[in-house]
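Open your viewer and keep the selection box handy. We will go from stop to stop, picking a few residues each time and looking at what is there.

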Amino acid sequence: MKIREQYQKLIDRKQQEILDLQLQIEKAKAYMQALQDTMRFIPKDESQEGVLLRPGTALAQAREVLRKAGHPMHVNDILKALNKPPDKGHRVSLSGNLSSYVRNGQIFTRPAPNTFGLIEASKQAADGTAENEEDFDIPEEFGTEN
């Protein structure tokens, strides 16, 4: 009977090992779900690499003006910096074009009526630094039990 008891002990130990591993799997699944839930709160693609403005256009020039200024500007001030008259036609044209990018969440922001800024400048101001998100690294041991 000793052999039977030894085998029963082996079976019991292995069943306990399986239960422990199943518990680890459940913990890992819960952690994975938490990571996926967190990922939903992070904007999908904050980089503006895919959005190009044709060089020489009023929009490209306006972006350069806003970059040099470093802060949002009223459409009349942007037109003056572009050496264009701030008449109704130019104002409506430029603000309409800028607004389309604002609606799509690309390149430009509108912090006030007829005032436009750059997304990249507002991110830097909010962070208080000029660091990019790409500079942020999650440590390899993040999420592992020690």
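Begin by selecting Asn 114, which is partly exposed with a relative accessible area of 35%. Bear in mind as you look that this is a predicted model. Asn 114 sits in the loop between β2 (108–112) and β3 (115–118). Check its backbone: the phi of Asn 114 is positive, about 55 degrees, although the residue is not a glycine.

Next, jump to Asn 83. What is the sign of phi at Asn 83? Phi is positive here, about 60 degrees, and Asn 83 is not a glycine. You will find Asn 83 in the loop between α3 (75–81) and α4 (88–103). With 71% relative accessibility, Asn 83 counts as exposed, because the cut-off for that label is over 50%.

Now for the charged pairs. How many salt bridges are there? The count comes to four, and we can visit several of them.

Show helix α1 (residues 2–41) and select Lys 14 together with Glu 17. These two form a salt bridge, with their closest N and O atoms 3.2 Å apart. Why is the pairing easy to trace along the helix? Glu 17 and Lys 14 are three residues apart in α1, so about one helical turn separates them. Switch on the surface and look at both ends of the bridge: Glu 17 is partly exposed at 39% relative accessible area, and Lys 14 is partly exposed at 45%.

Stay on helix α1 and move along to Asp 37 and Arg 40. Their side chains meet in a salt bridge, 2.6 Å from N to O. Here, too, the partners are three residues apart, which means a separation of about one helical turn. Is each partner buried or exposed? Arg 40 counts as exposed, at 61% relative accessibility, while Asp 37 is partly exposed, with a relative accessible area of 29%.

Move to helix α2 (residues 58–69) and pick Glu 64 and Arg 67, which lie three residues apart, about one turn of the helix. The salt bridge between Arg 67 and Glu 64 has its closest N and O atoms 3.0 Å apart. Arg 67 is partly exposed at 38% relative accessibility, and Glu 64 is partly exposed at 36%. Add Glu 120 to the selection: salt bridges that share partners join Glu 64, Arg 67 and Glu 120 into one network.

While you are in helix α2, select Arg 63 as well. Arg 63 is buried, yet it has no salt bridge. Which side chain of opposite charge is nearest to Arg 63? That is Glu 64, 4.9 Å away; the pair does not count as a salt bridge because the cut-off is 4 Å. To see what surrounds Arg 63, show Leu 53, Ile 107, Phe 108 and Leu 118: Arg 63 is in contact with these, leaving aside its neighbours within four places in sequence.

For the last stop, select Tyr 31, Met 32, Leu 35, Ile 138 and Phe 142, and turn the surface on. Together they form a nonpolar patch on the surface with about 480 Å² of accessible area. Then center on Ile 138, in the segment after α5 (119–127). Ile 138 is exposed, with a relative accessible area of 53%.

Technical notes
Residues are numbered from 1 along each chain as its sequence is written. This is a predicted model: local features need pLDDT of at least 70, side-chain atom pairs count only at pLDDT 80 or more; totals for chains, interfaces and linings use all residues. Side-chain values use heavy atoms; hydrogens and water are left out. Patches are made of residues with over 30% relative accessible area and no salt bridge: like charges are joined within 9 Å, nonpolar side chains (Val, Leu, Ile, Met, Phe, Trp, Tyr) within 5 Å. Accessible areas come from the Shrake-Rupley method with a 1.4 Å probe; for residues, only the protein chains shown count as cover. Helices (H or I, at least four residues) and strands (E, at least two) are DSSP runs, numbered from the N terminus. Buried means under 20% relative accessible area, exposed over 50%, partly exposed in between (1.4 Å probe, protein chains only). Lys and Arg count as positive and Asp and Glu as negative; His and the chain ends are not counted. Contact means heavy atoms within 4.5 Å.
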